[in-house]
Amino acid sequence: MKKIVLALIFFVSSISLAAANPISDVDRYDAREDLKADLMERYESSYSTVNMLLKSGMKNYDKLCAIDDNEVNNKILRDLKERYYPSFSTIFMLYKSNIKAYNELND
């Protein structure tokens, strides 16, 4: 009986991990460091631009992590993450556009 319960717990946790919000799979520290490195490469010595975009990007990272964990949201986020990571502002803007279109198509 104990083995069955452990197997069930493992199965349920593996399903929830597979369906988890793909943005929140990246912890905040790593997300910030990846975004900062990307911005420093693009804008080099324009530190005020890097700082402004880093703050904005991390606000959008937080908004993305707060998105409801469901199949549609996760599919959209997974696709956008693959294409645009670590540009969280781009991901958030495109997520809003995609989810709006999805909702309009399914009304």
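Let's start in the loop between α2 and α3, where E44 sits. This is a predicted model, by the way. E44 has a phi near 40 degrees, which is a positive value in a residue other than glycine.

Now look at the two helices on either side of that loop. How far apart are the axes of α2 and α3? They are 9 Å apart, and the helices pack at an angle of about 145 degrees. The crossing in which α2 passes α3 is right-handed. On the α2 side, the contact uses R28, A31, R32, L35, K36, L39, M40 and Y43. Across from them, α3 brings Y47, T49, V50, L53, L54, G57, M58, Y61 and D62. If you sort the residues of this contact by class, you get eleven nonpolar, two polar and four charged.

Let's stay with α3 and turn to its other partner on my list, α5. Axes first: those of α3 and α5 come within 7 Å and cross at roughly 45 degrees. The two helices are therefore oblique to each other. The crossing of α3 and α5 is left-handed. From α3, the residues making this contact are S56, G57, M58, N60, Y61, K63 and L64, and α5 answers with F88, S89, I91, F92 and Y95. By class, the contact of α3 with α5 has seven nonpolar, four polar and one charged residues. You may have noticed some names coming back: G57, M58 and Y61 of α3 meet α2, and they also take part in the contact with α5.

On to α4, and to the loop that follows. P86 is in the loop between α4 and α5. What kind of peptide bond joins Y85 and P86? It is a cis bond, with omega at about 5 degrees. So please have a look at that spot on your screens.

As for the helices around that loop, α4 covers residues 71-84, and its axis and that of α5 come within 10 Å, crossing at roughly 145 degrees. α4 passes α5 in a right-handed crossing. The α4 residues here are V72, N73, I76, L77, L80, K81 and Y84, and they meet T90, I91, L94, Y95, N98, I99 and Y102 in α5. Sorted by class, the contact of α4 with α5 has ten nonpolar, three polar and one charged residues.

Last stop, the largest pocket. Its volume is about 150 Å³. Which helix gives the most to the lining? That would be α2, with five residues. α2 (28-43), α3 (47-65) and α5 (88-105) each supply at least two lining residues. The full lining reads L35, D38, L39, R42, Y43, L53, G57, S87, F88, S89 and T90. Those residues divide into five nonpolar, four polar and two charged.

Here, too, we meet some old friends. L35, L39 and Y43 line the pocket and also belong to the α2 side of the contact with α3. G57, F88 and S89 are in the lining as well, and each of them is part of the contact between α3 and α5. T90 is another lining residue, and T90 is among the α5 residues that meet α4.

That's my tour, thanks for listening!

How values were computed. Residues are numbered from 1 along each chain as its sequence is written. This is a predicted model: local features need pLDDT of at least 70, side-chain atom pairs count only at pLDDT 80 or more; totals for chains, interfaces and linings use all residues. Side-chain values use heavy atoms; hydrogens and water are left out. On a 1 Å grid over the protein atoms alone, a cavity is a set of points where a 1.4 Å probe fits but cannot get out, and a pocket is an open set with protein on both sides within 12 Å along at least five of seven lines; lining residues have an atom within 4 Å of a point. Grid points are joined across faces, edges and corners, and a volume is the space filled by probe spheres set on the points. Helices (H or I, at least four residues) and strands (E, at least two) are DSSP runs, numbered from the N terminus. Ala, Val, Leu, Ile, Met, Phe, Trp, Tyr, Cys and Pro count as nonpolar, Asp, Glu, Lys and Arg as charged, and the others, Gly among them, as polar. Axes are lines fitted to C-alpha atoms, for helices over the stretch in contact, and angles run from 0 to 180 degrees between N-to-C directions. A crossing is left-handed if the near helix is turned anticlockwise from the far one by less than a right angle, and right-handed if clockwise. Contact means heavy atoms within 4.5 Å. Angles under 35 degrees count as roughly parallel, over 145 as roughly antiparallel, 65 to 115 as roughly perpendicular and the rest as oblique.
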